[in-house]
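Biologist: Could you take me slowly through the charged pairs and one helix packing here, giving the reasoning at each step?

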Amino acid sequence: MELTRPTLLQRCAATLRAKQFVVFYAIALYALGVATPLLTGWLREHRPAQDLLQTSSSPLSDLAATRSWLIAVVVAGFYILNAWFRAGYIRSLVGRRHLRPVGMAQFGRLLALALLLDGAFGALTGLTNAQHGAAATELLLLALLLLSLVGLYADYAIVVSNIGPLTGIYRSLQTVRARLGLSAGLVVLAVLFFQGIDSLLTVVTSGSLAAIAPVLVIRVFVLGSLTFVLDVVLVLIYIEAIETGKIPSGHA
């Protein structure tokens, strides 16, 4: 007699329990993602930390605006560390704990994907900030949302299916198409949660870096933990799409 297949919700709950300590990995990666734009923003304009927290500039946009060698070193270090440990993090979600990619090929693929997607996000964000008309701004925000969907499963695909960045983006699109309602709902829900919590914490953030440090730590722990939950759900959606034959398992 064939056993009943666990539902996606059951698999998510079981994985969250089994991988609960990996949440600290997610928090550390989120902290890296928060600290880097703060540092590059400060190197660019030497503004107070409170102001930098309320801006939407990225390390790449700071580099493009200044072409500073020091910012370039920080940006390069961020993308190298992020790609390296992101690979280990995703591997830890689907198997034993790891701190590194399988090899340099996987590392290079994740690095290329991050640069490609962040460059596209940066360009769209810059256009959004430059627009004054409500209609144009809404269209660009919609474009940002669609871009989020395009790359939603790409890094999981690179690690799980051992494919390149462009194939990973294509596999992500296939997964989104197979689970469109769930994928779009998760993106919208994540944006609302992250922006809501971020806005709430920003309201009580004021003063010097030392004064806002406790709130910043809370922000990193809360949003890093939410990132962990979201990563578990998304990687399991991708794996389930493979198992049910909705998308190929590799290059096919």
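**Salt bridges and a helix pair**

Modeller: Please keep in mind that this is a predicted model. Glu 45 has a relative accessibility of 39%, and it therefore counts as partly exposed.

Biologist: Which residue does Glu 45 meet in a salt bridge, and at what N to O distance?

Modeller: Side chains of opposite charge can pair when their charged atoms come close. A salt bridge needs a nitrogen of Lys or Arg within 4 Å of a carboxyl oxygen of Asp or Glu. Glu 45 fulfils this with the side chain of Arg 44, the N to O distance being 3.9 Å.

Biologist: Is Arg 44 buried, partly exposed or exposed?

Modeller: Buried means under 20% relative accessible area and exposed means over 50%, with partly exposed in between. Arg 44 has a relative accessible area of 32%, so the class for this residue is partly exposed.

Biologist: Which residue joins Arg 44 and Glu 45 in one network?

Modeller: The pair of Arg 179 and Glu 240 is another salt bridge, with the closest N and O atoms 2.8 Å apart, and it links the loop between helix H9 and helix H10 to helix H11. Returning to Arg 44 and Glu 45, salt bridges that share partners join these two into one network with Asp 62.

Biologist: Of Arg 179 and Glu 240, which is buried?

Modeller: Arg 179 has 25% relative accessibility and so counts as partly exposed. Glu 240 has a relative accessible area of 11%, which lies under the 20% limit, and therefore the buried residue is Glu 240.

Biologist: How many residues apart in the chain are Arg 11 and Glu 243?

Modeller: Arg 11 and Glu 243 form a salt bridge whose closest N and O atoms are 2.7 Å apart. Arg 11 belongs to helix H1 and Glu 243 to helix H11, and the pair links distant parts of the chain, with a separation of 232 residues.

Biologist: Are helices H2 and H4 roughly parallel or roughly antiparallel?

Modeller: H2 and H4 pack with their axes 9 Å apart, at an angle of about 20°. Angles under 35 degrees count as roughly parallel, and therefore H2 relative to H4 is roughly parallel.

Biologist: How many charged residues does the contact of H2 with H4 have?

Modeller: H2 contributes Thr 36, Pro 37, Thr 40, Gly 41 and Arg 44, while H4 contributes Pro 59, Ser 61, Asp 62, Ala 65 and Thr 66. By class, the contact has 3 nonpolar and 5 polar residues, and the number of charged residues is 2.

Technical notes. Residues are numbered from 1 along each chain as its sequence is written. This is a predicted model: local features need pLDDT of at least 70, side-chain atom pairs count only at pLDDT 80 or more; totals for chains, interfaces and linings use all residues. Side-chain values use heavy atoms; hydrogens and water are left out. Axes are lines fitted to C-alpha atoms, for helices over the stretch in contact, and angles run from 0 to 180 degrees between N-to-C directions. Helices (H or I, at least four residues) and strands (E, at least two) are DSSP runs, numbered from the N terminus. Angles under 35 degrees count as roughly parallel, over 145 as roughly antiparallel, 65 to 115 as roughly perpendicular and the rest as oblique. Contact means heavy atoms within 4.5 Å. Ala, Val, Leu, Ile, Met, Phe, Trp, Tyr, Cys and Pro count as nonpolar, Asp, Glu, Lys and Arg as charged, and the others, Gly among them, as polar. Buried means under 20% relative accessible area, exposed over 50%, partly exposed in between (1.4 Å probe, protein chains only).
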